[in-house]
Amino acid sequence: MSAYLQCIEDPCQNILPAGSKAYVCPKCGGLLDVKYDFQIPDPEALKRTFYQRRLSNDPLDLSGVWRYRELIPFCNDLSQVVTMQEGNTPIYTAPRCAEYTGLKRLFLKHQGLNPTGSFKDNGMTSGITQARQTNSKVVACASTGNTSASMAAYAARANMKAVIFIPDQQIAFGKLSQSLDYGALTLQIEGDFDEAMRLVKELTEETPIYLLNSINPYRLEGQKTIVVEMLAQRDWVVPDRVVVPGGNLGNSASFGKAIKELYDLGFIRKMPMVTIIQAQRANPLYRTLIDHSPRLIRVEAHTLATAIKIGNPVSWKKAVRAMEWTRGWCDVVSEQEIADAKAMIGRDGIGCEPASATTVAGIKRLIQTGEIDKDEDVVAVLTGNLLKDPDYTINYHQNNLYELASYRHELIERKDKIQSTFANAPLRIKPNKDEIIKLLEL
Ligand code: F0G
């Protein structure tokens with residue numbers, strides 16, 4: 001089965017060999033897709049194979065990415081695969097969130113239960129494997145924290161040097177601690193994510209360092225399996241809608257590609273609508289869409305959901321394509337809506353990091369506007385683990401969360417308080433049994 005790279009721009013559609021280290025089209029600068037001459041004559045038989053592989057202890061079959069390898073057939077030598085049994089994430093019912101949003105039922109696929117705690121692992125196993133196939137020794141990325149944590153771990157497994165660029169003082173501590181522990185060279189740059197991204201792109205153009213941001217199309221191949229696994233877990237019953245947070249827009253891009261390919265190959269007979277939710281003040285895709293702009297309208301991004309604090313997302317054209325293919329849409333939610341939705345996800349016993357909660361907040365908003373019907377079958381994708389950003393959660397529950405807080409080593413200013421609608425602050429009590437019994441009203 002042959003793989004190749006192709007520019008997504010029409011009419012360019014320039015073709016490059018699969019082993020090319022280009023991240024964008026050398027002719028026109030357009031984004032690249034990994035394309036295949038798929039040979040899957042019997043999708044139903046392959047669905048059965050996927051199912052049977054769940055009983056196998058082969059490392060490839062134990063991975064929730066490589067179990068579906070016929071749908072990402074870019075690796076010629078499967079002994080090169082670097083895997084940490086990524087994917088394999090559960091789909092939970094979420095009755096409290098369903099009621100909160102107004103849906104009859106809601107399903108949450110929790111990508112935060114990956115080895116490094118975010119969906120990035122699905123894409124990193126494929127990205128690092130391709131880095132190995134191209135004999136790369138050093139890998140790099142710009143990150144709001146999760147890509148870097150994931151890349152650091154997979155680079156350590158693959159014995160590669162990892163260099164990460166993160167915005168100074170703007171990533172959650174859980175994420176920073178991961179990349180330090182996994183041994184990555186961690187560069188905190190003065191500037192935001194967009195600045196870090198620009199820098200690392202320039203650097204990887206001029207050096208043999210391999211870029212592992214989601215502009216690298218091999219990252220997106222692994223992330224496609226989030227959709228494949230979700231459908232396999234639902235016995236291929238296609239939901240009406242899949243809701244996903246939008247930051248650099250790699251995930252939205254890969255979901256669109258996965259759905260289109262599964263549809264074209266005959267695995268599914270309808271396409272779930274891809275609905276992308278951005279934070280209100282980190283909303284370049286939303287602004288671009290409502291203005292019908294042929295170019296991306298960049299913004300200076302602000303949100304406490306630091307994972308998606310991105311104003312110049314690289315994969316925006318692929319995200320637009322995903323929405324066009326699937327008749328999806330994009331909307332925005334406020335910081336207050338994100339905070340309350342996150343607390344509600346917690347109340348279902350699930351929990352997530354702030355960026356993930358844009359999904360539940362977005363569904364609530366779209367039910368109110370009539371865009372989503374309360375009977376719809378909806379899967380929201382939670383992208384990161386609750387423990388990535390404990391500060392946010394603690395501040396919310398202690399009634400101490402502000403939209404704007406500026407730090408220079410310590411807090412210097414904060415304003416625009418977020419209401420802790422569902423606060424659950426810890427109580428200080430004396431170590432006295434009677435007092436506890438009184439408190440518990442037993
Ligand atoms: N949710 C989480 C938890 C993330 O870490 C990210 C992106 C997103 C959502 C947005 O996904 O970029 O594919 O649209 N984090 C990147 C990072 C940018 O560097 O970790 P996207």
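Mentor: A disulfide is a pair of cysteine sulfur atoms within 2.5 Å. Keep that cut-off in mind, and remember that this model is predicted.

Trainee: How many disulfides does that rule give here?

Mentor: The count comes to zero.

Trainee: How do you know that C12 is in no disulfide?

Mentor: Look at the nearest cysteine sulfur, that of C25, which is 3.7 Å away. A pair must lie within 2.5 Å. C12 therefore has no partner by this rule. Seen from C25, the nearest cysteine sulfur is that of C12, and C25 is in no disulfide either.

Trainee: Is C25 buried or exposed, and what makes you say that?

Mentor: C25 has 3% relative accessibility. Buried means under 20%, so C25 counts as buried.

Trainee: Why is C12 called partly exposed?

Mentor: Its relative accessible area is 27%. Partly exposed runs between the 20% and 50% limits, so C12 belongs there.

Trainee: Now the ligand. What makes the pair at N146 a polar contact?

Mentor: A polar side-chain atom of N146 lies 2.8 Å from an oxygen atom of the ligand. The limit is 3.5 Å, so the pair qualifies. Backbone atoms count too: a polar one of G247 is 2.7 Å from a ligand oxygen, and a polar one of L249 is also 2.7 Å from a ligand oxygen.

Trainee: How much of the ligand does the protein bury?

Mentor: Taken alone, the ligand exposes 470 Å², and the protein buries 99% of that. The ligand sits in the largest cavity.

Trainee: Which helices help surround the ligand?

Mentor: Helix 5 (146-158) and helix 9 (250-265) each supply at least two residues of the shell. In total, 20 residues surround the ligand, with S143 and T144 among the closest.

Technical notes. Residues numbered from 1 in each chain as written. Predicted model: local features only at pLDDT ≥ 70, side-chain atom pairs only at ≥ 80, totals over all residues. Heavy atoms only, no water. Buried < 20%, exposed > 50% of the residue type's maximum accessible area, 1.4 Å probe, protein only. Near = heavy atom within 4 Å. Polar contact = N/O pair within 3.5 Å; in protein donor to acceptor, adjacent residues only side chain to side chain. Areas by Shrake-Rupley, 256 points an atom, 1.4 Å probe, with all protein chains shown as cover. 1 Å grid on protein atoms, 1.4 Å probe; cavity = no way out; pocket = protein on both sides within 12 Å on 5 of 7 lines; lining within 4 Å. Sits in = over half its atoms within 2 Å of the grid points. Helix = DSSP H or I, 4+ residues; strand = E, 2+ residues; numbered from the N terminus.
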